[in-house]
Amino acid sequence: MTSPAVSSRDLPHPARDEIRLEPILHALSDPMRLAIVRELATVGDELTCSQFELPVTKSTTTHHFRVLREAGVIRQIYRGTAKMNGLRRDDLDDLFPGLLDALLGAAGRQAVRLGRTGLLG
């Protein structure tokens, strides 16, 4: 039996049982990546890469999304020409109950404490 063909546009993601805590913490230790995750959590839906207003180059933005995807924090899929990004909240909440909410809450409190009103500060 052969495997179905994989599109060249399919992006590699860790399976749920392959997601580990260390890469998640590394991914979320960067302010830009944390801002991406905060925005996805706030919106509660998928967003295209271009919907994020990050103060970095396109190649750096691509790198940040790749780190989040490879850590298992987000899922990226193509819909037509748009690359959609969604938070893997169900997987993260099942594997690490309370972690995502604790990190997002701490990031929000830090933003208030530092007087940063937007997600990117």
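Q: Why are helix α2 (residues 31–43) and α3, which pack at an angle of about 70° with their axes 10 Å apart, called roughly perpendicular to each other?
A: In this predicted model, the angle between α2 and α3 is about 70°, and angles of 65 to 115 degrees count as roughly perpendicular; α2 and α3 are therefore roughly perpendicular to each other. The crossing in which α2 passes α3 is right-handed.

Q: What makes the contact of α2 with α3, and how do its residues divide by class?
A: On the α2 side the contact is made by Met32, Arg33, Ile36 and Val37, and on the α3 side by His63, His64, Phe65, Val67 and Leu68. These residues divide into six nonpolar, two polar and one charged; Arg counts as charged, and Arg33 belongs to the α2 side of the contact.

Q: Why is α1 called roughly antiparallel to α3?
A: The axes of helix α1 (residues 21–28) and helix α3 (residues 58–71) cross at roughly 160° and come within 8 Å. Angles over 145 degrees count as roughly antiparallel, and the crossing angle therefore makes α1 roughly antiparallel to α3. The crossing of these two helices is left-handed.

Q: Which residues of α1 and α3 meet, and what is the make-up of their contact by class?
A: Pro23, Ile24, His26, Ala27 and Leu28 in α1 meet Val67, Leu68 and Ala71 in α3. By class, the contact of α1 with α3 has seven nonpolar residues, one polar residue and no charged residues.

Q: What makes β1 (47–48) and β2 (74–79) the edge strands?
A: Three strands form an open sheet in the order β1-β3-β2, with antiparallel pairing. Both β1 and β2 pair on one side only, and they are the edge strands for that reason, as β1 (47–48) and β2 (74–79) show.

Q: How do you know that β2 and strand β3 (residues 82–87) count as paired?
A: Two strands pair if there are at least two bridges between them, and β2 and β3 are joined in the antiparallel sense over six bridges, so the criterion of at least two bridges is met. Within this pairing, Arg75 stands opposite Gly86 in β3, and Gln76 stands opposite Asn85 in β3.

Q: What links β2 and β3, and which residue in the turn has a positive phi?
A: β2 and β3 form a hairpin with two residues between them, and Gly80 in the turn has a positive phi of about 65°.

Q: Where does α3 lie with respect to the strands, and at what angle to β2?
A: α3 lies across β2 and β3, and its direction runs at about 115° to β2.

Key. Residues numbered from 1 in each chain as written. Predicted model: local features only at pLDDT ≥ 70, side-chain atom pairs only at ≥ 80, totals over all residues. Heavy atoms only, no water. Axes fitted to C-alpha atoms, helices over the stretch in contact; angles between N-to-C directions. Helix = DSSP H or I, 4+ residues; strand = E, 2+ residues; numbered from the N terminus. Parallel < 35°, antiparallel > 145°, perpendicular 65-115°, else oblique. Left-handed = near helix turned anticlockwise from the far one by under 90°. Contact = heavy atoms within 4.5 Å.
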